[in-house]
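Student: Could you take me through one part of this structure closely, with the cut-offs behind each term? I would like to hear about the pocket and the residues around it.

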Amino acid sequence: TTLALANEFDDVWTTCGVHPTRCNDIEESGDIPQYVENLFSFCDRNKGKVIAVGECGLDYDRLHFCSKEVQLKHFETHFQLAERTGLPMLLHNRNTQGDFERQVRENRHRFSNGIVHSFTGTQDEVQELVSLGLYIGVNGCSLKTEENCSVAASIPLSHLVLETDAPWCDVRATHASHKHVKTTWASVKKEKHTVE
C-alpha cells in the first residue's frame, strides 16, 4: 500500500480519500457513517504520513463507473473529512460543466489548501481556481492539445505544480506538448516490466 511505502521512506507521504469514480464503494459499504469514520481514523492514526484528503472530486467523463449524484454526495463527504482533519485536498475535476468549481467555491472555507490534480480545464477555470487560492497540477494528460498547452502556459508560476502521475499521464509522441520535450527516459511497458 502507499502507507507502507510512506512508512518505509522518510520522504514519501500519502493521501486518504476515495476517487470520484470509486464512490460507489462508499455507498455499497453497508454503513456510510462508519466508512467515513474509518477514513477519519486512518488520517488520525497516520498523522505526518497522510498529508492530504483525496484524490477526490468529480469525473463526468467516466459516469459509467459512478453516477453524478453519488459523486456529488461524496465530494461533500471529503469536504467534511478535510474540515475535520485540517488537511489540504488533492482534487480531481473532469468535464464537470461548472459543478466542480461551484462545489469548491461553496466549501472553500472548509479546507486549508488544495491542488487540482492533472488539470485539463479551460482558461476560465484556471482563473477561478487561482482566485480561490488553489494550486493547479499539470502532467502529460494536461498537455494533449495545443489548447491544453496554451491554458497550461497561462497558469501563474506561483500556482503551478508539475506532476508525473506515472505511469498513466506521461507526455506522449501524439501530444501537442511532445515537441517541447528535451529529455527522455527509457520506458518499459507494464506487461514487460520485471523487478530486478
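Tutor: Happily; here is a walk through the second largest pocket, some selected residues, the salt bridges and a cavity.

A word on the ground rules: this is a predicted model, in which local features need pLDDT of at least 70 and side-chain atom pairs count only at pLDDT 80 or more, while totals for chains, interfaces and linings use all residues. Residues are numbered from 1 along each chain as its sequence is written, and side-chain values use heavy atoms, with hydrogens and water left out.

Let us start with the pocket. On a 1 Å grid over the protein atoms alone, a pocket is an open set of points with protein on both sides within 12 Å along at least five of seven lines, a cavity is a set of points where a 1.4 Å probe fits but cannot get out, and lining residues have an atom within 4 Å of a point. Points are joined across faces, edges and corners, and a volume is the space filled by probe spheres set on them. The second largest pocket holds about 450 Å³ of space. Its lining has 19 residues, of which His-19, Glu-55, Arg-62, His-92 and His-117 are the closest to the centre. Strands β1 (14–16), β2 (50–59) and β3 (89–94) each supply at least two residues of that lining; strands here are DSSP runs of E, at least two residues, and helices are runs of H or I, at least four, numbered from the N terminus. By class, the lining of this pocket has 5 nonpolar, 8 polar and 6 charged residues. For these classes, Ala, Val, Leu, Ile, Met, Phe, Trp, Tyr, Cys and Pro count as nonpolar, Asp, Glu, Lys and Arg as charged, and the others, Gly among them, as polar.

Strand β3 brings us to Asn-93, which has its place there. Asn-93 counts as buried because its relative accessibility is 6%, buried being under 20% relative accessible area, exposed over 50% and partly exposed in between (1.4 Å probe, protein chains only). The side chain of Asn-93 makes a polar contact of 2.7 Å with that of Thr-96 and another of 3.5 Å with that of Glu-101. A polar contact is a pair of N or O atoms within 3.5 Å; within protein, one must be able to donate a hydrogen and the other to accept it, and residues adjacent in sequence count only if both atoms are side-chain atoms. Leaving aside residues up to four places away in sequence, Asn-93 touches Leu-58, Phe-100, Glu-101, Val-116, Thr-120 and Glu-125, a contact meaning heavy atoms within 4.5 Å.

Helix α5 comes next. Asn-107 lies in this helix, which covers residues 99–107, and is buried, with a relative accessible area of 6%. The side chain of Asn-107 reaches the backbone oxygen of Gln-103 at 2.8 Å. Beyond residues up to four places away in sequence, Asn-107 touches Glu-76 and Phe-79. From Asn-107 to Arg-94 the count is 13 residues in sequence and 18 Å in space, C-alpha to C-alpha.

Helix α5 also holds Asp-99 and Arg-102, 3 residues apart, about one turn of the helix. These two form a salt bridge whose closest N and O atoms are 2.4 Å apart; the term requires a side-chain nitrogen of Lys or Arg within 4 Å of a carboxyl oxygen of Asp or Glu. Asp-99 is buried, at 12% relative accessible area, whereas Arg-102 is partly exposed at 35%. Lys-68 joins Asp-99 and Arg-102 in a network of salt bridges. By this rule the count comes to 11 salt bridges. Another is the pair Asp-44 and Lys-47, with closest N and O atoms 3.1 Å apart; Asp-44 is partly exposed at 37%, and Lys-47 is exposed at 65%.

Finally, the enclosed space. The structure holds 1 cavity of 30 Å³ or more, and the largest cavity has a volume of about 40 Å³. Phe-119, Thr-120, Gly-121, Val-138, Ser-142, Asn-148, Val-151 and Ala-152 line the largest cavity. Helix α7 (residues 146–153) gives the largest share of this lining, 3 residues. The lining of the largest cavity divides into 4 nonpolar, 4 polar and no charged residues. Thr-120, one of the residues lining the largest cavity, is also among the residues that Asn-93 touches.
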